[in-house]
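Biologist: Before we discuss this chain, may I see its sequence and coordinates? I should then like to ask about charged pairs, cysteines, the sheet and a few backbone details.

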Amino acid sequence: VERLNFSNGAKDPSLMREKIAYDIIRRYMPAPRACYATIAVAGELIGLYTQVEQVDEMFLDRHFGNDDGNLYKSGDDGAALLYKGQNQSSYESDYELKTNESDNDWSGFIMMLDKLNNAPASGFAETAGRCLNLDNCMRYCAFNMVLSNFDSYTGSGRNYYLYDDSVSGRFALIPWDLNLSFGAYANTWNVTTADAVNIPNLSQRPLARRLLQNDSLRQVYLGYIQDMMEGAAGYDSIAAMADRIKALIAPFVRADSNSLHGYADFLTNIEIDVILKEGPLQTVIPGIKSFAQKRYANLRTQLSGYGTASALTVRSATPG
């Protein structure tokens, strides 16, 4: 490990969103590891943090068996995966190349965007699937919907990596920055009732749009939503994880005089909503458990309406 990332739980009074979300998504696709750490300087306790693994060459080698492909990171202002022509400079403000910087060859990335955006609907899965791991993309999009993780490609367009896997010859998505999962970033949407298919920004999200426009791919995507809610991301699983983490970190949260939220909000937000006040503004941060109950009830109704709740069998939750 060459770089250490420490998250201070901004806008997450539960201090659990990143840990739980990464533990879930790693069941379905390559994603960083996360744990807790206390930091002290010269014997003085600075506080409790969530430590998140860096997406770098060592990460790539461990998950893909190679690290020689191009790794791209979405920009902070969003990166919608729109095709903007063959000129590389048209993309450099939206994405950052994190490996092979001296070569600076974006041709494979631009070709993938061309296929994603412009492949005929009748052959989309075959054409785009040659350069983009569509199964990986469906898992990622399903996860974002289950946990209303909307500070992501699905919502804001931020917080993801794309790796050009030299073994498979296909790009794969890698999630990043999950501290606002469980509905902590609304993206102007209702995080409880957001529709898994009729997403407001589809005209500016070609990956989500084209997956959902394809009948077969849409059914697999909805199947992953069902699979997650019945498995690793199910309410009972999340409640158990939250209880285990609470027992582990509660003494450290209580002792953390630099905490952004405080011990009382920590205890409350595990169960129910907490209102954060920033000047005249108020932000509702959903409770981990209460969010899961409400969101899953709504998604089950959606799946029933889309005719997938009992008709679809998806593959077991292993990265692919």
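Biologist: Which residue forms a salt bridge with Asp243?
Modeller: A salt bridge is a side-chain nitrogen of Lys or Arg within 4 Å of a carboxyl oxygen of Asp or Glu. For Asp243 the closest N and O atoms of the pair are 2.8 Å apart, and the partner is Lys289.

Biologist: How many residues apart are Asp243 and Lys289?
Modeller: Helices (H or I, at least four residues) and strands (E, at least two) are DSSP runs, numbered from the N terminus. Asp243 belongs to helix α8 (residues 235–255) and Lys289 to helix α10 (residues 288–305). The pair thus links distant parts of the chain, and its members are 46 residues apart.

Biologist: At what pLDDT do side-chain atom pairs count?
Modeller: Residues are numbered from 1 along each chain as its sequence is written, and side-chain values use heavy atoms, with hydrogens and water left out. This is a predicted model, in which totals for chains, interfaces and linings use all residues, local features need pLDDT of at least 70, and side-chain atom pairs count only at pLDDT 80 or more.

Biologist: Which class of exposure, buried or partly exposed, applies to Lys289?
Modeller: Buried means under 20% relative accessible area, exposed over 50% and partly exposed in between (1.4 Å probe, protein chains only). Its partner Asp243 is at 40% relative accessibility and therefore counts as partly exposed. Lys289 has a relative accessible area of 9%, so this residue is buried.

Biologist: Which residues are joined into one network by salt bridges that share partners?
Modeller: Side chains of opposite charge can pair when their charged atoms come close. The structure holds 13 salt bridges. Those that share partners create one network from Lys19, Asp23 and Arg26.

Biologist: With which residue does Asp12 form a salt bridge?
Modeller: The closest N and O atoms of this pair are 2.8 Å apart. Both members, Asp12 and its partner, are buried. That partner is Arg17.

Biologist: What is the relative accessible area of Lys98?
Modeller: Lys98 meets Glu96 in a salt bridge of 3.3 Å, N to O. Glu96 is partly exposed because its relative accessible area is 43%. Lys98 is also classed as partly exposed, at 26%.

Biologist: How many disulfides does the structure hold?
Modeller: A disulfide is a covalent bond between the sulfur atoms of two cysteines. The criterion is a pair of cysteine sulfur atoms within 2.5 Å. By that criterion the number of disulfides is 0.

Biologist: How far from Cys131 is the nearest cysteine sulfur?
Modeller: Cys131 is in no disulfide. At 6% relative accessibility, Cys131 counts as buried. The nearest cysteine sulfur, that of Cys137, lies at 9.9 Å.

Biologist: In what order do the 4 strands of the open sheet lie?
Modeller: Two strands pair if DSSP finds at least two bridges between them. The pairing in this sheet is antiparallel, and the order is β5-β4-β6-β7.

Biologist: Which are the edge strands?
Modeller: An edge strand here pairs on one side only. The strands that do so are β5 (95–97) and β7 (170–175).

Biologist: Which residue of β6 is the bridge partner of Leu71?
Modeller: Strand β4 (residues 71–74) pairs with strand β6 (residues 160–165) in the antiparallel sense, over 3 bridges. The partner of Leu71 in β6 is Tyr163.

Biologist: What angle does the direction of helix α5 make with that of β7?
Modeller: Axes are lines fitted to C-alpha atoms, for helices over the stretch in contact (heavy atoms within 4.5 Å), and angles run from 0 to 180 degrees between N-to-C directions. Helix α5 (residues 134–146) packs on the sheet and touches β6 and β7. Its angle with β7 is about 20°.

Biologist: How many of the 8 residues of helix α6 are buried?
Modeller: Helix α6 (residues 206–213) is mostly covered. Its buried residues pack against α3 (107–118), α4 (124–129), α5, β7 and α7. Among them are Leu207 and Leu211, and the number buried is 6.

Biologist: What is the phi of Phe182?
Modeller: Most residues other than glycine have a negative phi. Phe182, found in the loop between β7 and α6, is buried, with a relative accessible area of 0%. Although Phe182 is not a glycine, its phi is positive, at about 60°.
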